[in-house]
Amino acid sequence: MPQRVSKDNFQSEVLSADTLVLADFYSDSCIPCKRLSPVLFELEKEYEGKLKIAKINVNFDSELASEYEVQAAPTLVFFKNGEEKERLRGAVKKSEIIEVTEKLIKE
């Protein structure tokens, strides 16, 4: 299940993770974010052990959103070995997320 992450555990859960991490910067009032949530849940199951989903609420963790220059929700930021590798913005399709995930897993 995707894990809620804050600035307090971002380092350990995202930057120090030993797998690919998809950080979902979302807002509770964002309709596209709500539609994306079950897709991310499915992807974490499908890529178990290879992909970790971290959810960051931009309203509560605006400091993280600002640090990573998140301008709108949803913004999906892919991290590998502590570095940002790719980013998707807006209401993206599952196939787009899979394409990026597959590419980054192979790197």
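How many aromatic pairs does the structure hold? The structure holds four (ring centres of Phe, Tyr or the six-membered ring of Trp within 6.5 Å; planes under 30 degrees apart are stacked, over 60 edge-to-face, the rest tilted). This is a predicted model, where local features need pLDDT of at least 70 and side-chain atom pairs count only at pLDDT 80 or more, while totals for chains, interfaces and linings use all residues. Residues are numbered from 1 along each chain as its sequence is written, and side-chain values use heavy atoms, with hydrogens and water left out.

**View 1. Phe10 meets Phe79.** These two rings sit edge-to-face, 5.8 Å centre to centre with 85 degrees between the planes. Phe10 belongs to helix α1 and Phe79 to strand β4, 69 residues apart (helices are DSSP runs of H or I, at least four residues; strands are runs of E, at least two; both are numbered from the N terminus). Both Phe10 and Phe79 are buried (under 20% relative accessible area, 1.4 Å probe, protein chains only).

**View 2. Phe25 meets Tyr68.** This pair is tilted, at 6.5 Å centre to centre and 40 degrees between the planes. Phe25 is in strand β2, and Tyr68 is in the loop between α3 and β4, 43 residues apart. Phe25 and Tyr68 are both buried. Together, Phe10, Phe25, Tyr68 and Phe79 form one aromatic cluster.

**View 3. The open sheet.** Five strands line up as β1-β3-β2-β4-β5, with mixed pairing (DSSP finds at least two bridges between paired strands). At the edges are β1 and β5, each pairing on one side only. Strands β2 and β3 pair in the parallel sense over seven bridges, and Ala23 has Ala54 in β3 as its bridge partner.

Conventions:
Buried means under 20% relative accessible area, exposed over 50%, partly exposed in between (1.4 Å probe, protein chains only).
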